[in-house]
Amino acid sequence: MIELINTIEQTVPVGQSVAYNNTVFASKCGGESYRGDGGQIRLNRPGVYRVTFNGNIAVPTGETVGEISIGITQDGEVLNGTIARVTPAAVEEFFNVSAQTLVCVTCGCCVTVAVRNTSDIPILVDNPNFNAVRVC
């Protein structure tokens, strides 16, 4: 299991991943790995993982107000069913979004997961929380 957060509000460019600056918990068995201040988490051990993201997103000052979104990726591809969309009425109006999915890691392989800005504009992300838990 791994749990990551970021204690600093960040602007995430279009197509880029949410970054984390604090590891709240990481199991000692090496099932997950993460390089500090990045956004990619590698699931190393075979099994099924429950991957969850929760955070607040907003349109940054200077951008046109409209729909914004994030989605969980697996090996660089956004997974269908994980895209969370909101339409703020003003800049810096935060909405809480979450997404969850199951990811299968096969024997002899590994999987990289992340949370990507799938919007057409940069987004503000505040208080992101990412979890990957091996469930079997």
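The exercises below, each with a worked solution, concern a predicted model.

**Exercise 1. Cysteines**

Find how many disulfides the structure holds, and explain the result for Cys109 and Cys136.

Solution.
Step 1. The cut-off for a disulfide is a pair of cysteine sulfur atoms within 2.5 Å.
Step 2. For Cys109, the closest cysteine sulfur belongs to Cys110 and is 5.1 Å away, so the two are too far apart for a bond.
Step 3. For Cys136, the closest cysteine sulfur is that of Cys104, at 7.9 Å, which is also too far for a bond.
Step 4. A search of the whole structure gives zero disulfides.
Step 5. As for their surroundings, Cys109 is partly exposed at 39% relative accessibility, while Cys136 is exposed, with a relative accessible area of 56%.

**Exercise 2. The partners of strand β11**

Determine which strands pair with β11, in which sense, and whether β11 is mostly covered or open.

Solution.
Step 1. Strand β11 covers residues 111-117.
Step 2. Strand β5, residues 41-43, pairs with β11 in the antiparallel sense over three bridges. In this pairing Ile41 stands opposite Val113 of β11.
Step 3. Strand β7, residues 68-74, is also antiparallel to β11, and five bridges connect them. Here Gly71 faces Arg116 of β11.
Step 4. Of the seven residues in β11, five are buried, and the strand is mostly covered.

**Exercise 3. The partners of strand β6**

Name the strands that pair with β6 and give a residue pair for each.

Solution.
Step 1. Strand β6 runs over residues 47-58, and eleven bridges join it to strand β10, residues 95-105. The two strands are antiparallel.
Step 2. Within this pairing, Thr52 of one strand has Gln100 in β10 opposite.
Step 3. Strand β12, residues 123-134, pairs with β6 as well, in the antiparallel sense and over nine bridges.
Step 4. Ala58 has Leu124 in β12 as its bridge partner.

**Exercise 4. The setting of Tyr49**

Decide whether Tyr49 is buried or exposed, and describe what it touches.

Solution.
Step 1. Tyr49 sits in strand β6.
Step 2. The limit for a buried residue is under 20% relative accessible area. Tyr49 has 0% and is therefore buried.
Step 3. Leaving out residues up to four places away in sequence, Tyr49 touches a set of residues that includes Gly31, Glu32, Leu43 and Asn44. Also among them are Thr101, Leu102, Val103 and Val105, as well as Val133, Arg134 and Val135.
Step 4. Tyr49 and Arg134 are 85 residues apart in sequence, yet their C-alpha atoms are 4.2 Å apart in space.

**Exercise 5. The salt bridge**

Identify which residues form the salt bridge and which parts of the chain it ties together.

Solution.
Step 1. The structure holds one salt bridge.
Step 2. The side chains of Arg85 and Glu67 form it, with an N to O distance of 3.2 Å.
Step 3. Arg85 lies in strand β9 and Glu67 in the loop between β6 and β7, so the pair ties together parts 18 residues apart in sequence.
Step 4. Arg85 counts as exposed at 53% relative accessibility, whereas Glu67, at 46%, counts as partly exposed.

**Exercise 6. Positive phi angles**

For Glu92 and Asn127, give the phi angle, the place in the structure and the exposure.

Solution.
Step 1. Glu92 is not a glycine but has a positive phi of about 55°. Glu92 belongs to the loop between β9, residues 84-86, and β10.
Step 2. With a relative accessible area of 43%, Glu92 is partly exposed.
Step 3. Asn127, not a glycine either, has a positive phi of about 60°. Asn127 is in strand β12.
Step 4. The relative accessible area of Asn127 is 48%, and the residue is partly exposed.

**Exercise 7. A nonpolar surface patch**

State which residues make up the nonpolar patch on the surface and what area they have together.

Solution.
Step 1. The patch is formed by Met1, Val24 and Phe25.
Step 2. Together these residues have about 250 Å² of accessible area.
Step 3. Val24 is part of strand β3, residues 22-26.
Step 4. A patch residue needs over 30% relative accessible area. Val24 has 45% and counts as partly exposed.

Methods
Residues numbered from 1 in each chain as written. Predicted model: local features only at pLDDT ≥ 70, side-chain atom pairs only at ≥ 80, totals over all residues. Heavy atoms only, no water. Buried < 20%, exposed > 50% of the residue type's maximum accessible area, 1.4 Å probe, protein only. Helix = DSSP H or I, 4+ residues; strand = E, 2+ residues; numbered from the N terminus. Pairing = 2+ DSSP bridges. Patch = residues over 30% accessible without salt bridge, like charges linked within 9 Å, V, L, I, M, F, W, Y side chains within 5 Å. Areas by Shrake-Rupley, 256 points an atom, 1.4 Å probe, with all protein chains shown as cover. Salt bridge = Lys/Arg side-chain N within 4 Å of Asp/Glu carboxyl O. Contact = heavy atoms within 4.5 Å.
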